[in-house]
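Here is a quick tour for someone opening this structure for the first time. Keep the 3D view handy and follow along.

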Amino acid sequence: MKKIAQLAVARPKAVIAAWLLLLALAVPFALQLEGALKTGGFSDPRGESVKAQRTLERAFDEAPNSLLVVLHSKNGSVEDAVAPAREAVRRDGVSAVTDRATHPEWLSKDGRTTFIQVGFTSDNTTVQNLVPDLQDDVRDAVGENVQVDVTGAPALDYALNVHSKEDVTRAEMIAFPVLFIVLLLVFRSVAAMVVPLLMAGVTLMFTQSIGYGMTQFTDVNSLFTNIVSMVGLAVAVDYSLFIVKRFREELAEGRAVDDALDRTMRTVGHSVLFSGLAVVVALSALFIPRAMSFTSIALGGVAVSLVAVAIAVTLLPAVLSLLGDRINWGTLRSRKKAGEQAGKGDAGKSAATDGRTGGSADGRTDGRTDGRTDGRTDGRTGGRFSGRPGLVLAGLVVVFAALAAPAAQLTLRVPVASADILPSDDSARIGMERIKQDIGVREMFPVQVVLSADRDQADALLRSTADVASYAKTAPGADKVQAVTSLGLPAASLSEALADPSGLGADERAALGQLWTLDGDRLVTRVVVTPGADPDSSAAHHLVDDLRDHLGDHADSAVTVRLAGATATGSDFDDLVLRSVPLVVASVALLSFLILLFAFRSVLLPLLALAFNIAVVGASLGFLALVSGNDDHSINSVTPLMLFAVMFGLSMDYMVIMISRMRESYLGGLSHRESVLGGLARTAGLVNGAAAIMVAVFASFTSAQISIVRELGISLAVAVVLDALVIRRLVMPATLLLVGDRVWGRHRRTAPRALAPEQTVAPEQAAAPRSAAATDGEEAGADERLPVAEPTLR
């Protein structure tokens, strides 16, 4: 990285020109990303329900995709609207149109609501794109007195795509003005505020173009854009904040621009590199489930993190090299006044900072003097608990345990048979809820037991079918059961009728054809179980589990048995998430441990980092359980793993910045206590500023219309607040003080190295007391340095 940074400083115009050229090439592709994204991916592609559904589609010639056109009369009977609606839905790709003529139960009791099922041979994406035109055509055909809403899986997917784009746009419109204000308060300089925002904009645009390239090779979910904006804004602005602030401090100490950039990139640049690596490692764990939704989130998070780091170590130094001292342009108050105010207690020395702003670069600290400042100067943070770290830590552990306790009540459930994930005024959701309210959705989403056997095993298949149907009739949560054994045919002649149905009546043959068929050399039948509750309910999921347990205990080796249906698909996905949790947690923990072990040369520090992060994730999930608003405290199955991976990676920013400063002080000759409290005093403000940026970004996504994005925004915002204000300011220093200097591993405090002549500190300067403004713990001095070995991270 050193050579890359040096190139950016030596040839800034060439580096900037190269990035501008890449950006110009990327923009056209980034603008095409929206149309290339897909929805779905909330199923286990290797689950038995997916395999069973494919068997049903192949054996019974069922349409792989279908739309439901819901008709609701505002004034009276809807019967007259059915015929024109049937004609309006016909177009290329339509394989079947079914209505209340063959399914009388599809008409509501008051006759005002019905729906038409339109089957397509086309793929899901093609059907999605037909939704707007099909809805307009039906509305024109039935007239204004009939309300038309198109729903069904492709329509729900189409709505998800639309609202995902709206959510990202809305969140960015909220986040950028808030970031504008936060950065202006942190830097108190217009130029310093603008630079991180520009870096963030380039990061997002470039990552979106990469995303379009990914869609040419694999399916990418629309959640890609949400995670790119959410993580990209957070890391791009934070990394720029760390580097710009350190650069301004180097300039304030009188160094030349090139020297200031060199020192900045050798210290903070390394921290940014490790932080970005931690984010990439954490989000890469989401590849483990191998489901499109998780894979898309991982692709977006990894891509935007890598781009943010690349920009931070190349484009940003080049821009700062050209700006030089102009990075302070537009300062909101005079630098002289700020220096005088902060330096009243420091023997006329240029003072460190404005403690009230927690990170303003207007103040200037002499790192050589501050490096030996006793940690007791931090009267607002460490001084409050430095004498009783064990008591403070015990109290905070109890608090976090209480916050995390409600998480045990959470139910993970992906909504595959409802539209609750969409906003209440969306047409696809209105249509689904209209069917649910006026007609009922249970018969539309049955649990189907799919049985198959070799052609010569018809008797074994029939016995298994009879056993499944008999058990399903008495299974808790089951309402109705339909199978070949319940068609009313005499048991003695059923085998003959199945072998040769020509002797049956037309209606009997039609009913039999929907339940028993030949698929190549395999016989396939199904038992259709209508649940007594909605398909996304706990009762329906319990029914699926109960059926699977029975099938596992009474399986015939000659018969293959699988469950299909929306509830079974959702259950398989939930199981996939639960199976993946241990492996995701273990891989993230192990790789993060190795990264921090390499960074800090200590075993205890990585272990403490893991404990802190798990505490934050648990507490934020507990908070989410409290605000979920559901009787069963159910949240989307995707949310916990996303929260864990994203938060685990992002929290490493704070860990690396704060611990590296404390460790640097310890290796430079300060006591363990002085290193911990002094490092806390000099990094608290910077962490507060970075946390404020992340909270602003995540909080902007709480306005999302898609429930999973809203859940993630809420939980991440809470997690950042807990991490920055409680873990890093209280729990971490209290723990470090309690553990003692063995936390630094085999390294021991040593005398400072010999200083170069220009670095020599006069004795009276080293002994001079710091001013209150320079030591109140509010200043973001994370990057102030001791005159000893730099950088801390290799």
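## Salt bridges and helices

D44 is buried, with a relative accessible area of just 5% (buried is under 20%, exposed is over 50%, and partly exposed is in between, using a 1.4 Å probe and protein chains only). Before going on, note that this is a predicted model, where local features need pLDDT of at least 70, side-chain atom pairs count only at pLDDT 80 or more, and totals for chains, interfaces and linings use all residues. Residues are numbered from 1 along each chain as its sequence is written, and side-chain values use heavy atoms, leaving out hydrogens and water.

So what does D44 pair with? It forms a salt bridge with R46, and the closest N and O atoms are 3.6 Å apart. A salt bridge here is a side-chain nitrogen of Lys or Arg within 4 Å of a carboxyl oxygen of Asp or Glu. R46 is partly exposed, at 33% relative accessibility. Side chains of opposite charge can pair when their charged atoms come close. Across the whole structure, a search turns up 25 salt bridges.

Here are three of those pairs, side by side.

| Pair | N to O distance | Relative accessibility |
|---|---|---|
| R46 and D44 | 3.6 Å | R46 33%, D44 5% |
| R170 and D167 | 3.0 Å | R170 28%, D167 1% |
| D262 and R266 | 3.0 Å | D262 25%, R266 22% |

Helices come next; they are DSSP runs (H or I, at least four residues), numbered from the N terminus, while strands are E runs of at least two. R170 and D167 both sit in helix α7 (residues 153-187), 3 residues apart, or about one turn of the helix. R170 counts as partly exposed, whereas D167 is buried.

How far does α7 reach from its first C-alpha to its last? Its 35 residues cover 49 Å, close to the 51 Å expected at 1.5 Å a residue (the expected span is 1.5 Å times one less than the number of residues). R188 follows α7 and has a positive phi, near 55 degrees.

Now look at helix α10 (residues 257-284), where D262 and R266 are 4 residues apart, so about one helical turn separates them. D262 is partly exposed, and R266 is partly exposed too. T267 is also found in α10, and at 12% relative accessibility it counts as buried. A polar atom of the T267 side chain lies 2.8 Å from the backbone oxygen of R263. R263 also belongs to a network of salt bridges linking R246, E250, E253, R255, D259 and R263.

Helix α9 (residues 223-252) has 30 residues and should span 44 Å at 1.5 Å a residue; its end C-alpha atoms are 43 Å apart, which agrees. There is a kink of about 30 degrees in α9, centred on G232 (the bend at a residue is the angle between axes fitted to the seven residues ending there and the seven starting there). Is α9 buried or exposed? All 30 of its 30 residues are buried, so α9 is largely enclosed by the rest of the structure. Just after α9, G254 takes a positive phi of about 95 degrees.

Finally, have a look at L25 in helix α2 (residues 12-31). L25 counts as exposed, at 51% relative accessibility. Together with L21 and L22, L25 forms a nonpolar patch on the surface, with about 290 Å² of accessible area. Accessible areas come from the Shrake-Rupley method with a 1.4 Å probe, and for residues only the protein chains shown count as cover. Patches are made of residues with over 30% relative accessible area and no salt bridge, with like charges joined within 9 Å and nonpolar side chains (Val, Leu, Ile, Met, Phe, Trp, Tyr) within 5 Å.

Technical notes. Polar contact = N/O pair within 3.5 Å; in protein donor to acceptor, adjacent residues only side chain to side chain.
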